[in-house]
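Look at the model before reading on. Start with the overall fold, then turn to the empty spaces.

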Amino acid sequence: MSPSARPLVDGQAVATAMMLTTLLPDDLRLAPRWVLPTVEGLLLLALAAGAPGRIDRRSTGLRPLSIALVGVLALSVVWSTAQLVDDILQGGKETSSATGLLQTGGTVWACTVLAFSLLYFELDGGGAAARAHRLPRTPALASPRQLNPELASAGWRARYIDHLYLGLTIATVFSPTGVTPLAPWAKIAMGLQSLVSLLVLGLVVARAVTALA
């Protein structure tokens, strides 16, 4: 896929995050079940209409919409994480059973991975439209292909799968693998994701052990 043919934001990832949001219990969602998926869906449709399957220089004007979409996802994840932690610590009904705890905790954790991967995708190098036409001389997220150009094919650009892998590794080992964060925002975002994932996984595992005992 050529850089110009890549989407401004990964629609499948956004759709998956929307679906996972609807599966969360009411107490762990930022808004009623239909509100966030509707807002996210409208923003996604606006992006698809503005850049229908192809990135050009005019696509940079759509960046506020993509940032708004990622911002809504991130806000929803932060809220759900805070409510999950509170429910676990207070012994709430949503996490009172091992099955409910693992299902709810796993959903929140997966939403965290998707939200942060989309955040990295959007902020890395000024966004997909900017990366499609010119890689920054000083990258925010330095991959081995950027640090060693001989490893990269002609016209290589980071795709969403690269940022999804980054988000997944941070969520599982609490540190980036294969990518060096250089920009301050990248270090802050990765540190925040590591702390959130450690908190969620640690509390979920501890509570599950107690529930099963």
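Two residues are in contact here when they have heavy atoms within 4.5 Å of each other. Keep that cut-off in mind for Thr169. Apart from neighbours within four places in sequence, Thr169 touches Phe174, Ser175, Pro176 and Thr177. We return to that residue below. One caution comes before the tour: this is a predicted model.

Begin with the whole chain. The protein chain has eight helices and two strands. Along the sequence they follow the pattern α-α-α-α-α-β-α-α-β-α. The chain holds 213 residues, and 46% of them are buried. Now take the contacts between residues at least 6 apart in sequence. Of these, 74% join residues at least 24 apart. On the outside, the chain exposes about 10700 Å². Carbon and sulfur atoms supply 66% of that area.

Next come two of the helices. Helix α3 has 28 residues. What span should α3 have at 1.5 Å a residue? The expected value is 40 Å, and the end C-alpha atoms of α3 are 40 Å apart, so the two agree. Just after α3 comes Gly91, with a positive phi of about 70°. Helix α4 has 26 residues. From first C-alpha to last, α4 reaches 37 Å, close to the expected 38 Å. A glycine follows here as well: Gly125, just after α4, has a positive phi of about 65°.

Now look for empty space. Rolling a probe the size of a water molecule over the atoms shows where such space is left. How many cavities of 30 Å³ or more does a search of the whole structure find? The search finds two. The largest has a volume of about 80 Å³. Which elements give two or more residues to the lining of this cavity? They are α1 (11-23), α3 (63-90) and α4 (98-123). The lining residues include Ala17, Thr21, Ser76, Val108 and Cys111. Leu24, Leu73 and Leu114 are also among them. By class, the lining has eight nonpolar residues, three polar and no charged.

Two residues help to place this region. Ser76 is found in helix α3, and it lines the largest cavity. Is Ser76 buried or exposed? Its relative accessible area is 5%, so Ser76 counts as buried. Beyond its neighbours within four places in sequence, Ser76 is in contact with Thr21, Leu30 and Leu36. Of these partners, Thr21 also lines the largest cavity.

The second residue is Leu20, in helix α1. Leu20 has 12% relative accessibility and therefore counts as buried. Setting aside neighbours within four places in sequence, Leu20 is in contact with Thr107, Ala110, Cys111 and Leu114. Cys111 and Leu114 belong to the cavity lining. Leu20 and Val108 are 88 residues apart in sequence. Their C-alpha atoms are 8.2 Å apart in space.

Move on to the largest pocket. It holds about 260 Å³ of space. Of the 18 residues that line the pocket, the closest to its centre are Ser143, Trp156, Asp162, Gly178 and Val179. Two elements give two or more residues to this lining: α6 (144-147) and α7 (160-173). Which element gives the largest share? That is α7, with five residues. The lining is made up of nine nonpolar, five polar and four charged residues.

Follow α7 back to Thr169, which lies in that helix. Thr169 is buried because its relative accessibility is 9%, under the 20% limit. Val113 is 56 residues away from Thr169 in sequence, yet the two C-alpha atoms are 9.1 Å apart in space.

One contact partner of Thr169 is Phe174. Where is Phe174 placed? Phe174 is in the loop between α7 and β2 (180-181). Its backbone deserves a look. Phe174 has a positive phi of about 65° although it is not a glycine. With a relative accessible area of 31%, Phe174 is partly exposed. The buried Thr169 is thus in contact with a partly exposed residue.

Terms used:
Residues are numbered from 1 along each chain as its sequence is written. This is a predicted model: local features need pLDDT of at least 70, side-chain atom pairs count only at pLDDT 80 or more; totals for chains, interfaces and linings use all residues. Side-chain values use heavy atoms; hydrogens and water are left out. On a 1 Å grid over the protein atoms alone, a cavity is a set of points where a 1.4 Å probe fits but cannot get out, and a pocket is an open set with protein on both sides within 12 Å along at least five of seven lines; lining residues have an atom within 4 Å of a point. Grid points are joined across faces, edges and corners, and a volume is the space filled by probe spheres set on the points. Helices (H or I, at least four residues) and strands (E, at least two) are DSSP runs, numbered from the N terminus. Ala, Val, Leu, Ile, Met, Phe, Trp, Tyr, Cys and Pro count as nonpolar, Asp, Glu, Lys and Arg as charged, and the others, Gly among them, as polar. Buried means under 20% relative accessible area, exposed over 50%, partly exposed in between (1.4 Å probe, protein chains only). Accessible areas come from the Shrake-Rupley method with a 1.4 Å probe; for residues, only the protein chains shown count as cover. The expected span of a helix is 1.5 Å times one less than its number of residues.
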